[in-house]
2 protein chains.
Amino acid sequence: MAEQAETLRRAPLSRDRILRAAVALADAAGIESLSMRNLAQELGVVPMALYKHVANKDELLDAMIDLVVGEIDPPTPGADWKQDLRRRVLSARQALRRHPWAPLAIETRNMATPALLAYLDSVVGTLRAGGFSANLAHHVMHAMGSRILGFSQELFDTARDAGRSGRTTPAPPTAALPPEVAARFPHLAEIATAASHDDASVVGQGCDDQFEFEFALDLLLDGIERLQQQAWTSARRTR
Amino acid sequence: MAEQAETLRRAPLSRDRILRAAVALADAAGIESLSMRNLAQELGVVPMALYKHVANKDELLDAMIDLVVGEIDPPTPGADWKQDLRRRVLSARQALRRHPWAPLAIETRNMATPALLAYLDSVVGTLRAGGFSANLAHHVMHAMGSRILGFSQELFDTARDAGRSGRTTPAPPTAALPPEVAARFPHLAEIATAASHDDASVVGQGCDDQFEFEFALDLLLDGIERLQQQAWTSARRTR
DNA sequence: CTTGACAGGTGTACGGCGTACACCTACCGT
DNA sequence: ACGGTAGGTGTACGCCGTACACCTGTCAAG
């Protein structure tokens with residue numbers, strides 16, 4: 001009786017509700033505690049109920065990724081390719097930062113979800129419209145690698161285990177190494193502390209992930225721009 | 001009796017033997033079938049026996065990573081930073097290609113194994129010796145990202161699921177997309193087929209991962225070199 | 001030579017996982 | 001009124017990592 005009432009009280013299960021709950025759970029508690037059992041409990045339902053709406057856990061993960069990728073800004077048709085690409089990559093970064101589990105999930109999956117393909121396709125479209133040859137566009141996609149999705153496998157990533165163990169405390173950005181480590185790896189110790197971002201006058205010591213990401217992104221984009229101009233020049237020369 | 005004989009026949013277990021067997025198993029059967037139980041069976045031993053030599057599976061994985069990272073070429077003290085860095089990154093790539101499970105394992109771990117730190121430290125050392133400021137070296141490490149370890153999360157990676165499901169068949173490099181996909185993502189379809197690597201005359205159509213990796217690597221290294229010269233110039237100017 | 005500590009392999013067991021399969025039940029179109 | 005079906009349930013299986021008690025062979029100290 002009471003059980004019936006509860007059954008009636010809760011919203012009926014649906015693929016959409018499951019996906020939302022899954023993303024919320026992964027956001028809050030980390031991807032490693034997203035089990036079918038936990039998720040079901042979160043929804044007030046028995047684990048096997050989920051399987052009436054998703055084929056299995058892999059499909060669930062794919063759908064979650066698509067949800068996140070869907071948050072990335074659409075392209076701006078008229079715009080300059082470089083600006084537009086930069087903007088979208090940073091938008092991708094924001095999206096993935098809202099869901100710290102996503103990079104790991106993306107890398108783990110087999111990498112062919114529809115939303116992901118659509119995003120990549122649109123990026124290539126921007127390049128082609130910007131005058132890139134199919135060939136050069138191909139190379140550029142490889143060169144950008146996972147950075148095109150807004151992450152770069154930061155080698156010392158504070159935000160990274162957020163994808164595993166839940167929300168991080170804000171955490172001082174990459175504090176200095178423990179002294180015994182610093183002693184054995186002097187060069188790492190040196191660069192860990194030294195990271196002012198302008199020529200001078202930056203308050204926060206330590207490492208600003210966002211700055212580093214944009215630094216690398218612009219390094220790539222500038223190099224790519226040079227390549228494109230080269231290609232254009234040489235095409236003109238042989239005309 | 002027979003059991004005793006067998007016990008005596010097999011070499012005594014040791015941390016080293018376990019690590020070797022674990023790497024071999026992951027190489028041959030994929031990281032996902034490296035379970036403590038499988039590994040123990042491979043060694044003709046009961047699962048719990050392993051725990052006399054490794055603390056737990058995480059520690060085992062860390063040790064495996066260190067083994068792989070240890071295969072990377074050491075630096076050449078006198079050499080030009082750019083050449084040396086290029087050579088070592090390509091050496092890292094070779095090492096990780098011998099163990100397709102390693103990139104995923106590295107990304108999954110918490111990223112602080114001794115051999116890895118030593119490698120990174122030596123790379124920074126090369127940069128510093130090459131005249132990079134600690135600051136610029138820091139940025140460069142971020143810019144290189146996982147590429148410094150010889151992989152780059154190729155977005156369509158044929159070799160990638162080798163790390164999961166075992167040795168791949170040689171496999172034609174990134175064959176064309178299935179037609180219904182190609183129709184929905186025209187730009188992807190276009191660049192999937194178009195990928196000649198020189199200006200002309202390349203026999204194999206399709207995508208050569210090694211070429212793409214070096215392309216991106218050189219794009220970065222060239223950009224980095226330019227930055228360094230800039231820094232040097234401006235330092236000279238203000239002298 | 002005895003003894004007792006200890007290193008190293010064994011057996012059992014627990015809790016968690018994904019999910020196959022049989023079931024039950026409420027609703028809906030005929 | 002009734003059969004089908006969509007959707008939630010319960011049980012169970014085979015994996016996983018690993019805690020814990022146990023056994024056994026080796027070897028140093030008495």
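## Notebook: two chains and two DNA strands

I opened with one backbone contact: a polar backbone atom of A:Val46 sits 3.1 Å from a phosphate oxygen of DNA strand D. The model is a predicted one, and I kept that in mind throughout.

**Entry 1. DNA strand D**

I stayed with strand D and listed its surroundings. I found 18 residues around DNA strand D. The closest are A:Met48, A:Lys52, A:His53, B:Arg37 and B:Lys57. Both chains appear in that list.

Next I looked up polar contacts to the bases. An N or O atom in the side chain of A:Lys52 is 2.4 Å from a base oxygen of DNA strand D. For B:Arg37, a polar side-chain atom lies 2.3 Å from a base nitrogen of DNA strand D. I noted that A:Lys52 and B:Arg37 are also both among the closest residues.

How are the atoms of DNA strand D within 4 Å of the protein divided between sugar or phosphate and bases? I read 47% for sugar or phosphate, and the rest belong to bases.

I then asked which helix gives the most to the surface near DNA strand D. It is helix H3 of chain B, residues 36–42, with 3 residues. B:Arg37 falls within that residue range. By residue class, the surface near DNA strand D divides into 8 nonpolar, 5 polar and 5 charged.

**Entry 2. DNA strand C**

I repeated the search for the other strand. DNA strand C has 18 residues around it. A:Arg37, A:Tyr51, B:Met48, B:Lys52 and B:His53 come nearest. Of the atoms of DNA strand C that come within 4 Å of the protein, sugar and phosphate make up 45%.

I logged two phosphate contacts from chain A. A polar side-chain atom of A:Tyr51 is 2.8 Å from a phosphate oxygen of DNA strand C. For A:Ser35, a polar side-chain atom is 3.0 Å from a phosphate oxygen of DNA strand C.

I logged one base contact from chain B. The side chain of B:Lys52 places an N or O atom 2.4 Å from a base oxygen of DNA strand C.

Which helix gives the most to the surface near DNA strand C? I found helix H3 of chain A, residues 36–42, with 3 residues. I counted classes here too: the residues of this surface divide into 8 nonpolar, 5 polar and 5 charged.

**Entry 3. Chain A overall**

I moved on to the fold. Chain A has 12 helices and 0 strands. Its pattern along the sequence is α-α-α-α-α-α-α-α-α-α-α-α.

I checked burial next. Chain A has 239 residues, and 48% of them count as buried. About 11800 Å² of chain A is exposed, with 56% of that supplied by carbon and sulfur atoms.

I also looked at contact range. Among contacts in chain A with a separation of 6 or more, 70% are between residues 24 or more positions apart.

**Entry 4. Cysteines**

How many disulfides are there over all chains? I got 0. I looked up one cysteine in each chain. A:Cys207 has a relative accessible area of 4%, so it is buried. B:Cys207 is buried as well, at 6%.

**Entry 5. Three residues in chain B**

I started with B:Leu127, which lies in helix H7, residues 114–129. Is B:Leu127 buried or exposed? Its relative accessibility is 1%, so it counts as buried. Beyond neighbours within four places in sequence, B:Leu127 is in contact with B:Trp81, B:Leu85, B:Phe132, B:Ala137, B:Val140 and B:Met141. I also took a C-alpha distance: B:Leu127 and B:Asp80 are 47 residues apart along the chain and separated by 9.6 Å.

B:Gln228 came next, in helix H12, residues 209–237. Its relative accessible area is 15%, under the 20% limit, so B:Gln228 is buried. What does its side chain pair with? A polar atom of the B:Gln228 side chain lies 2.7 Å from the backbone oxygen of B:Gly130. Leaving out residues up to four places away in sequence, B:Gln228 touches B:Trp81, B:Gly130, B:Gly131, B:Phe132 and B:Leu136. I noted that B:Trp81 and B:Phe132 are contacts of B:Leu127 and of B:Gln228.

I finished with B:Ser91, found in helix H5, residues 81–98. B:Ser91 is buried, with a relative accessible area of 6%. Not counting residues up to four places away in sequence, B:Ser91 touches B:Glu71, B:Ile72 and B:Asp73.

Conventions:
Residues are numbered from 1 along each chain as its sequence is written. Chains are lettered from A and ligands numbered from 1 in the order in which they are written. This is a predicted model: local features need pLDDT of at least 70, side-chain atom pairs count only at pLDDT 80 or more; totals for chains, interfaces and linings use all residues. Side-chain values use heavy atoms; hydrogens and water are left out. A residue is near a molecule or strand if one of its heavy atoms lies within 4 Å of it. A polar contact is a pair of N or O atoms within 3.5 Å; within protein, one must be able to donate a hydrogen and the other to accept it, and residues adjacent in sequence count only if both atoms are side-chain atoms. Helices (H or I, at least four residues) and strands (E, at least two) are DSSP runs, numbered from the N terminus. Ala, Val, Leu, Ile, Met, Phe, Trp, Tyr, Cys and Pro count as nonpolar, Asp, Glu, Lys and Arg as charged, and the others, Gly among them, as polar. Buried means under 20% relative accessible area, exposed over 50%, partly exposed in between (1.4 Å probe, protein chains only). Contact means heavy atoms within 4.5 Å. Accessible areas come from the Shrake-Rupley method with a 1.4 Å probe; for residues, only the protein chains shown count as cover. A disulfide is a pair of cysteine sulfur atoms within 2.5 Å.
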